Each structure stands twice: as C-alpha cells, then as structure tokens.
Amino acid sequence: MATGLLSTITVHPDIEFQGINQGPLQSVLLTICFSGKLPTQVIERNSPVHISISFGEEYASFTSPVVEAVSMDLCSSSGESMHPDGAVSDTNSPAHQDVSDDIQIPFLPLRHFDNSDWNTWATLSKNIESWLVDVGSETQLWTWGRDAFWLAFIAAYPLFPRGSWPKWDSRIPLEGPFIEQWLEQSGDHTVIAQEQDSIRVDIWDEFCKHAALFFPHSLVVSD
C-alpha cells in the first residue's frame, strides 16, 4: 500500500499553570495548506487526509489529544501566502482568485485597537453581540462568534462574575471552553485590580489566535 506524501512537524504547546504542581497544555492552532490544484478526475473522488497526533507515552496517564477539523480557507489572505518551500506568492494572482469572501464579519479588522484599554474591549464586545444575535445559531460561525464575544467581554470586565458589568443579550449563553473555564476558576480565585492588565494581555493573545479561524487577515488596521 502506497503511503503517499507525508509531512511531519513537532510542536511544543505552552503550559497554562493553574497551580504549583499542575496545568493543562494550551490548545495549538494548526493550519494545513495544500499547494497546487487537483485535476477534475481527482476532485470527483473522495480524497481523505489522515491526521495523527502523538506524544510521549509517559504523558498518556495525564492527558490525551483531542482533534477537531473544520474545512475552510486559512491559507489565503489579502496580500500573500507562504508555500511549504518558504516561497511567498501573491494571492491576487489568477491562481488565488477563487478565494471565498462569503463570510462577513463587520467588527473585523479592528481599527485603532488598544488591547490594554477596557473601553476598547467593551466596545468590541457590544459590536460582536450586535452581530452575533443575527447569525444563525448552531453553526460553526455562531460558535466562533460566541467564544469571541466572551473573550472580549471578560477583557472589558475581568472582575466578572463579580464587580460591575452590563447585561448582555440572553440569546448568548454562558457556554464555551473559555467562559466555562473562567467561571470555574473564579470560584477559587478573586481577580484583583493589579491583575487586570495582565489578564488583558493574555486574552489578547488568545483573541488573535481565535480570530484567525474565520479571519485570516491582518487583525488590526490604523486606517
């Protein structure tokens, strides 16, 4: 049986320490790009791509990888894309004219965004909220938007569920990995004022990774 093409990389996930002796591995955003174009006779057949994740057996009793796949175009942007050989190509060339722009995200890109200012995050959370309630629920885009909303909301109001914070649309549930983990941790730790800046830095890093799932372009513009 032919093995076909095989590409292997090694990554080193960060560890999010939640205590002195333990902490989960952070999620890794992995993008798989395919260069070239398939001929018609191949497109008409089902072409499976096998993805496997492995790590040392000594960690097996503590954690296990969970892989989720979403079919979408993350390898094209408005400017240029990177090929496996390191060469940069212009995505405005004819080979890249078939990029889909059907997904409209009105709050991106971010304009004059100050990730250290809670007011900026508060405005972003309201913009996401206004857009999200009009997006069909039970879709990947809605789930992505829900998680983006909670990232922005907590960055604006890091004392949540304590302190002062505005009501949000009841159609946006307190669900999703980020907000659920935040609420779980809030029972063990009360955020103090001195921690809010560092929280926004961490959330900004997470927001950038999260945004790239549906917006593979420059996230912040100054125009």
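This note goes through a predicted model, from the whole chain down to two residues.

1. **The chain as a whole.** The chain holds five helices and four strands. Along the sequence they follow the pattern α-β-β-β-α-α-α-α-β. Keep that order in mind when you trace the model.

2. **Burial and surface.** The chain has 223 residues, and 25% of them are buried. The chain exposes about 16000 Å². Carbon and sulfur atoms supply 52% of that exposed area.

3. **Contacts along the chain.** Take the contacts with a separation of 6 or more. Of these, 57% join residues 24 or more positions apart.

4. **Helix 2 against helix 3.** Now look at one pair of helices. Helix 2 covers residues 118-132, and helix 3 covers residues 140-156. Their axes come within 8 Å and cross at roughly 155°. Because angles over 145 degrees count as roughly antiparallel, helix 2 is roughly antiparallel to helix 3. The crossing of the two helices is left-handed.

5. **Who meets whom.** Which residues of helix 2 meet helix 3? They are Trp118, Trp121, Ala122, Leu124, Ser125, Ile128, Glu129, Trp131 and Leu132. On the helix 3 side, the residues include Leu141, Trp142, Trp144, Gly145, Arg146, Phe149 and Phe153. Several alanines of helix 3 take part too, among them Ala148 and Ala152. By type, the residues of this contact divide into 16 nonpolar, two polar and two charged.

6. **Glu129: buried or exposed?** Glu129 sits in helix 2. Its relative accessibility is 9%. The cut-off for buried is under 20%, so Glu129 counts as buried. Set aside its neighbours within four places in sequence, and Glu129 is in contact with Phe149, Trp168, Asp169 and Ile172. Phe149 is one of the helix 3 residues in the contact between the two helices. Find Glu129 in the model and check these partners one by one.

7. **Leu141.** Leu141 lies in helix 3. What does Leu141 touch, leaving aside its neighbours within four places in sequence? The partners are Ile103, Trp131, Val135 and Phe214. Trp131 belongs to the helix 2 side of the helix contact. Ile103 is 38 residues from Leu141 along the chain. The C-alpha atoms of Leu141 and Ile103 are separated by 8.8 Å.

8. **To recap.** Helix 2 and helix 3 run roughly antiparallel. Glu129 and Leu141 both appear in the contact between these helices. Each also has partners beyond that helix pair: Trp168 is one for Glu129, and Phe214 is one for Leu141.

Conventions. Residues are numbered from 1 along each chain as its sequence is written. This is a predicted model: local features need pLDDT of at least 70, side-chain atom pairs count only at pLDDT 80 or more; totals for chains, interfaces and linings use all residues. Side-chain values use heavy atoms; hydrogens and water are left out. Contact means heavy atoms within 4.5 Å. Buried means under 20% relative accessible area, exposed over 50%, partly exposed in between (1.4 Å probe, protein chains only). Accessible areas come from the Shrake-Rupley method with a 1.4 Å probe; for residues, only the protein chains shown count as cover. Axes are lines fitted to C-alpha atoms, for helices over the stretch in contact, and angles run from 0 to 180 degrees between N-to-C directions. Angles under 35 degrees count as roughly parallel, over 145 as roughly antiparallel, 65 to 115 as roughly perpendicular and the rest as oblique. A crossing is left-handed if the near helix is turned anticlockwise from the far one by less than a right angle, and right-handed if clockwise. Ala, Val, Leu, Ile, Met, Phe, Trp, Tyr, Cys and Pro count as nonpolar, Asp, Glu, Lys and Arg as charged, and the others, Gly among them, as polar.
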